[in-house]
Amino acid sequence: MLFRSVPGAEARANGALRRLDLVGTTFKLSGKDVGSRTIDVASLRGKAYVVCFWEMNSLTFNEDLPVLKALLEQYAERGFAIVGICTDQDTKAITTYVTTNKVNFPSIHDPASNENFNTLAMQYGIYKNPLMFLVDRDGRVVSNDITVNDLKNKLAE
């Protein structure tokens, strides 16, 4: 009952267990971007892709972003894609950030709910930003926590 004493801890723990069990399973995810367009990973069937949970003020994400953009440019023609999940609240600030930083991949907007919890982040027990999943061409999760350096090596293979 320890998790019940901290708001959201039980849901985050259950999400972490779900994330740990993702490897080898078919990944399903959809949501709306800041412009209310639906993004669904089912449309990426036949492509390898990364799902990247991110937020604008993450130093690590800001360091990884140029590498992610370059990897996408390098490997897109060979069937590689990236789908982001932005956990920030302010849609105007996200739009400005995406434009200013020339983010070249779509991102689902996963703002916190009234309880101050992000739905998708909670669903997958996200404990840091960025946190990335690698999904193969068949839609199965290959890694539930891949780094940019590991991703560069995997894509080179």
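## A pocket and its main helix

Let's start with helix H3, which gives four residues to the lining of the second largest pocket, the most of any contributor. Keep in mind that everything here comes from a predicted model. This second largest pocket has a volume of about 170 Å³.

In total, 14 residues line the second largest pocket, and those nearest its centre are Asp33, Val34, Arg37, Val98 and Ser107. What classes of residue make up this lining? Eight are nonpolar, four are polar and two are charged.

## How far to trust the model

The protein chain has a mean pLDDT of 89, with 92% of its residues at 70 or more. Confidence isn't even along the chain, though: helix H2 (residues 59-75) has the highest mean, 97, while helix H1 (residues 9-20) has the lowest, 80.

## The sheet

Now for the strands. Five of them form an open sheet with mixed pairing, and reading across you get the order E5-E4-E3-E6-E7. Which strands stand at the edges? They're E5 (107-109) and E7 (141-143); each has a single partner strand, so one side of each has no neighbour in the sheet. Going from one strand to the next, the twist averages 25°.

Take a look at one end of that order. Strand E4 (residues 80-86) pairs with E5 in the parallel sense, and three bridges join the two. If you'd like a pair to find in the structure, try cysteine 86, whose bridge partner in E5 is histidine 109.

Helix H3 turns up again here. Spanning residues 91-100, H3 packs on the sheet and touches E3 (48-54), E4 and E5. The direction of H3 makes about 130° with that of E3.

## The largest pocket

The largest pocket has a volume of about 230 Å³. Of the 13 residues lining the largest pocket, Ala48, Phe80, Arg137, Lys154 and Leu155 are the closest to its centre.

Which elements give two or more residues to this lining? Strand E6 (131-135) and helix H5 (148-156) do. Helix H5 gives the most, with three residues. Sorted by class, the lining of the largest pocket has eight nonpolar residues, four charged ones and one polar one.

## Putting it together

So what should you look for on screen? Find the five-stranded open sheet, then helix H3 packed on it. From there, you can look for the two pockets: H5 gives the most to the lining of the largest one, and H3 gives the most to that of the second largest.

Key
Residues are numbered from 1 along each chain as its sequence is written. This is a predicted model: local features need pLDDT of at least 70, side-chain atom pairs count only at pLDDT 80 or more; totals for chains, interfaces and linings use all residues. Side-chain values use heavy atoms; hydrogens and water are left out. pLDDT is the predictor's confidence in each residue, from 0 to 100. Two strands pair if DSSP finds at least two bridges between them. Axes are lines fitted to C-alpha atoms, for helices over the stretch in contact, and angles run from 0 to 180 degrees between N-to-C directions. Contact means heavy atoms within 4.5 Å. On a 1 Å grid over the protein atoms alone, a cavity is a set of points where a 1.4 Å probe fits but cannot get out, and a pocket is an open set with protein on both sides within 12 Å along at least five of seven lines; lining residues have an atom within 4 Å of a point. Grid points are joined across faces, edges and corners, and a volume is the space filled by probe spheres set on the points. Ala, Val, Leu, Ile, Met, Phe, Trp, Tyr, Cys and Pro count as nonpolar, Asp, Glu, Lys and Arg as charged, and the others, Gly among them, as polar.
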